[in-house]
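Please take a moment to look over the sequence and the model before reading on. The paragraphs after them are meant for someone who has not met this structure before.

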Amino acid sequence: MSDALQKTITLLLLIALGLLLKSKFKNKDQTNGIKEIILSVALPSTIFISLMKIDIDSSMFVIPLVTLVFNFLMFFSAPLAFALFGIEKNSPTGRTLMMLIPSLAPGLSCFPFIAEFLGEKSLAIAALADVGNKFFVLISLYILAMNMFLKNSDDKETKMGGKLKSLFASMFQEPINLLIFIAIILLSLGINYSTLPPVIVDIFDKTSAMMTPLVLLFIGLAVQLKEGKKRIVASILFFRAGITMLISAGMIYVLNISDQNMVLLSIVIPLSAASFWPLAHISAFNLREEAKAMPKEKRTFDLELAVLLLAFSLPFSTILILAILSSGSFFAHTSTLITAGLVLISLGAVPNVLSKVFVKMSKASS
């Protein structure tokens, strides 16, 4: 058995263990507690270690900018889904998808597998890439949500300046971002991981060791199979993954990326699950409309769709990322990537096309 296959089976068994333990975690606060340990302790420690062990030069600071460009390319590509699935852009569904499709949450869905398959240097690069994504999901998407809300409800009371200051403050208070900032300062002063006090190194090593098992158990615990708009959610996730692969192929070609690890990073980071932050923005504006007793069909966003898409996005992205990383160099070719992207888009579009055909056939027969 190859090392990659053995590693993949081990990771999948940990996810399966999480599924088996679901009955023991009936309280949502219990799973949220595990998530908080991952995001506030294990993941920041892992990223700090990865950054402190590599030589960062000024050219690496272009990485967050590249990710930000990707976010905006995904944002402008989102309306293509509306044409495929018959969604009105200025509807609650359309506005919700415009928020969620371009967002990324690599922390839970991507970083553990990058650490396992590609190593610490690749994880450090992925962490820098997420800085650009954080600016997009926290700032750009909040401004977008605010604009959609104001257009839909004519609310003139919201003070955007105060909200943006609060968002900037919360971004720099997050343990992951704080440790990235500290690591960059220490590296600029010539301090690396080997020169830190042994006690500090030991603490980070032990807290970092928790990350992969906890993340995989959490994925198993968090898998949801709620009733609702499953077909449109599945179609959107296939479309999102397909268009992501096409954009990744384009960026790999334009930037002339040839190193295999960098190519794989360029593929799997954009395939991360949808971020929680757009849901947080959507929930905040939904509460305001709820307080005014606004009917659901007239609200700015579809909160139920947002929750459902996030619930399915994490396991969907995990499966794709695991499959790509465990396949070695198979996906590290733009031709393979383009083919896979077109196949995924087709898989997303087929159910909608078939349903339209059946509707026309039933109308014709009647």
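What follows is a walk through the structure, from the chain as a whole to single residues.

The model shown here is a predicted one, and its protein chain contains 17 helices and 0 strands. Of the 366 residues in that chain, 49% count as buried. When contacts between residues at least 6 apart in sequence are considered, 87% of them join residues that are at least 24 apart. Several of the residues described below give examples of partners that lie far along the chain from each other, such as leucine 84 and glycine 348, which are 264 residues apart in sequence.

A good place to begin is the interior. The largest nonpolar core has 111 residues, and those with the most contacts inside it are Phe113, Ile114 and Ile267. Helix H8, which spans residues 120-153, supplies the largest share of this core, with 18 residues. As general background, nonpolar side chains tend to be buried together in soluble globular proteins. Phenylalanine 113 can be followed outward through its contacts: leaving aside residues up to four places away in sequence, it touches Leu11, Leu118, Leu216, Ile219, Thr318, Ile321, Leu322 and Leu325.

Helix H16, residues 303-326, also takes part in a pairing with helix H5, residues 92-100, in which the two axes come within 9 Å and cross at roughly 35 degrees. This crossing of H5 and H16 is right-handed. On the H5 side the residues involved are Thr93, Thr96, Leu97 and Leu100, and they meet Leu305, Ala306, Leu309 and Leu310 of H16. Sorted by character, the residues of this contact between H5 and H16 comprise 6 nonpolar, 2 polar and no charged ones.

Further along the same helix, H16, sits serine 317. Is serine 317 buried or exposed? Serine 317 counts as buried, because its relative accessibility is 3%. Not counting residues up to four places away in sequence, serine 317 touches Ser109, Arg240, Leu271, Ser272 and Ala273. Serine 317 and proline 106 are 211 residues apart in sequence, whereas their C-alpha atoms are 9.7 Å apart in space.

The loop between H4 and H5 holds another serine, serine 91, which is buried because its relative accessible area is 16%, a value under the 20% that marks the limit for buried residues. The side chain of serine 91 reaches the backbone oxygen of glutamate 88 at 2.5 Å. Serine 91 and threonine 300 are 209 residues apart in sequence, and the distance between them, C-alpha to C-alpha, is 7.5 Å.

On the other side of that loop, in helix H4 (residues 79-85), the reader will find leucine 84. Its relative accessibility is 31%, so leucine 84 counts as partly exposed. Apart from neighbours within four places in sequence, leucine 84 is in contact with Phe239, Ile345, Ala349 and Asn352. Although leucine 84 and glycine 348 are 264 residues apart in sequence, their C-alpha atoms are 8.8 Å apart in space.

Two further buried residues have side chains that reach backbone oxygens. Threonine 46 has its place in helix H2, residues 28-52, and counts as buried because its relative accessibility is 8%. A polar atom of the threonine 46 side chain lies 2.9 Å from the backbone oxygen of alanine 42. Beyond residues up to four places away in sequence, threonine 46 touches Leu123, Ser208 and Met211. Histidine 281, for its part, is found in helix H15, residues 277-291, and with a relative accessibility of 3% it counts as buried. The histidine 281 side chain reaches the backbone oxygen of valine 137 at 2.9 Å.

The last stop is a residue in a loop. Where does asparagine 256 lie? Asparagine 256 is in the loop between helix H13 (230-254) and helix H14 (260-268), and it counts as exposed because its relative accessibility is 63%. Asparagine 256 has a positive phi of about 55 degrees although it is not a glycine. In general, most residues other than glycine have a negative phi.

Methods. Residues are numbered from 1 along each chain as its sequence is written. This is a predicted model: local features need pLDDT of at least 70, side-chain atom pairs count only at pLDDT 80 or more; totals for chains, interfaces and linings use all residues. Side-chain values use heavy atoms; hydrogens and water are left out. Axes are lines fitted to C-alpha atoms, for helices over the stretch in contact, and angles run from 0 to 180 degrees between N-to-C directions. Helices (H or I, at least four residues) and strands (E, at least two) are DSSP runs, numbered from the N terminus. A crossing is left-handed if the near helix is turned anticlockwise from the far one by less than a right angle, and right-handed if clockwise. Contact means heavy atoms within 4.5 Å. Ala, Val, Leu, Ile, Met, Phe, Trp, Tyr, Cys and Pro count as nonpolar, Asp, Glu, Lys and Arg as charged, and the others, Gly among them, as polar. Buried means under 20% relative accessible area, exposed over 50%, partly exposed in between (1.4 Å probe, protein chains only). A polar contact is a pair of N or O atoms within 3.5 Å; within protein, one must be able to donate a hydrogen and the other to accept it, and residues adjacent in sequence count only if both atoms are side-chain atoms. A nonpolar core is a set of buried Ala, Val, Leu, Ile, Met, Phe, Trp, Tyr and Cys residues joined through side-chain atoms within 4.5 Å.
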